[in-house]
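Here are a few friendly notes to read alongside the model. I have kept them short, so you can follow each one on screen.

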Amino acid sequence: MRRALVTGGTTGIGAAICAALHAAGIRVAATYSGNEARGAAFSDRTGIPVFRWDVSDHAACAVGAAEVEAAIGPIDILVNNAGITRDASLLKMSEEAWKRVLAVDLDSCFNMAQAVVGGMKVRRWGRIVNIASINGQTGQFGQTNYAAAKAGMLGFTKALALEVARDGVTVNAVAPGYTDTDMVAAVSPEIIKTIIARIPVGRLAQPEEIARCVVFLVAEEAGFITGSTLSVNGGQAMI
Ligand code: CAA
């Protein structure tokens with residue numbers, strides 16, 4: 001049985017990814033950062049063990065990954081899903097908003113990959129899936145920080161894919177479009193209306209529609225797919 005760790009796995013797209021991997025017969029663990037009550041409720045509801053640490057903290061990721069491995073066994077599959085937004089146009093953006101988004105969304109990929117890739121290489125099998133965003137592919141008004149982090153994840157994906165290709169480890173990205181989660185619900189309804197008007201499918205994605213792509217990419221049969229980005233955006237950007 002393969003084992004997966006999903007960061008930011010107790011809510012939104014992450015929770016859907018946990019559920020889908022679990023349904024596919026994979027043993028799953030999830031991380032969360034802030035909301036202890038939500039983390040505990042998620043674990044009670046799903047039976048999926050949860051672990052709390054800040055994925056922007058390099059040392060905490062090493063310690064946390066070791067704890068997860070002690071609890072469920074070696075991590076075969078890493079899903080870098082944890083992410084935040086701090087939207088503001090450039091001149092209004094605080095340095096803190098820039099640094100925090102880069103740290104949580106992008107540094108976390110380095111931190112977590114470094115904690116698990118060594119073991120994957122030794123076992124000669126691994127899957128890493130980085131959850132990026134359409135806004136890292138196209139840009140988005142008010143998101144210089146988030147777009148930079150998400151575009152950075154795509155470069156990170158390709159570089160790491162090259163480094164571990166010979167070791168049975170694949171590294172891919174999923175780039176969701178606007179998805180029906182708390183993160184998108186935080187954007188003003190008028191702006192969301194204009195965004196949906198530009199989505200050919202005519203609606204937001206459901207988190208399960210993103211999770212399905214992760215299940216596809218971590219399958220045994222997906223060993224020849226590496227360094228790729230799977231865009232899942234209802235046709236909003238055909239890239
Ligand atoms: N394109 C061009 N001009 C725009 C614009 C756009 N998309 N949006 C706003 N403007 C214009 C306004 O009309 C206004 O013009 P005037 O000054 O002439 O009236 C001006 O820009 C406003 O600029 P401000 O710097 O004052 O912006 P603000 O403070 O009012 O709002 C914002 C900035 C909060 C970032 C707001 O634009 C916003 O919420 N944008 C949406 C951001 C977004 O889509 N975030 C996605 C979050 S979900 C997510 O990220 C998940 C995922 O992966 C998809």
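1. A quick start on ring pairs: please keep in mind that this is a predicted model. Searching the whole structure for aromatic pairs gives 0. One ring does have a charged partner, though: R2 sits over the face of W125, at 3.6 Å from the ring centre.

2. Next, the open space. The largest pocket has a volume of about 1200 Å³. Its lining is made of 50 residues, and those nearest the pocket centre are G83, I84, T85, Y146 and M183.

3. Which elements build that lining? At least two residues each come from the helices α1 (12–23), α4 (95–123), α5 (134–138), α6 (144–164), α7 (182–185) and α8 (189–197), and the strand β2 (27–32) does likewise. Sorted by class, the lining of the largest pocket counts 21 nonpolar, 22 polar and 7 charged residues.

4. Now the ligand. It is surrounded by 17 residues, with S89, K92, S133, Y146 and Y178 the closest. Y146 is thus worth finding on screen, being listed both here and among the residues nearest the centre of the largest pocket.

5. Finally, some polar contacts to look up. In the side chain of D87, an N or O atom is 2.7 Å from a nitrogen atom of the ligand. For S89, a polar side-chain atom lies 2.3 Å from a ligand oxygen atom. Q140 also places a polar side-chain atom 3.3 Å from an oxygen atom of the ligand.

How values were computed: Residues are numbered from 1 along each chain as its sequence is written. This is a predicted model: local features need pLDDT of at least 70, side-chain atom pairs count only at pLDDT 80 or more; totals for chains, interfaces and linings use all residues. Side-chain values use heavy atoms; hydrogens and water are left out. On a 1 Å grid over the protein atoms alone, a cavity is a set of points where a 1.4 Å probe fits but cannot get out, and a pocket is an open set with protein on both sides within 12 Å along at least five of seven lines; lining residues have an atom within 4 Å of a point. Grid points are joined across faces, edges and corners, and a volume is the space filled by probe spheres set on the points. Helices (H or I, at least four residues) and strands (E, at least two) are DSSP runs, numbered from the N terminus. Ala, Val, Leu, Ile, Met, Phe, Trp, Tyr, Cys and Pro count as nonpolar, Asp, Glu, Lys and Arg as charged, and the others, Gly among them, as polar. Rings of Phe, Tyr and Trp (its six-membered ring) pair if their centres lie within 6.5 Å; planes under 30 degrees apart count as stacked, over 60 as edge-to-face and the rest as tilted. A charge sits over a ring if NZ of Lys or CZ of Arg is within 6 Å of the ring centre and within 35 degrees of the ring normal. A residue is near a molecule or strand if one of its heavy atoms lies within 4 Å of it. A polar contact is a pair of N or O atoms within 3.5 Å; within protein, one must be able to donate a hydrogen and the other to accept it, and residues adjacent in sequence count only if both atoms are side-chain atoms.
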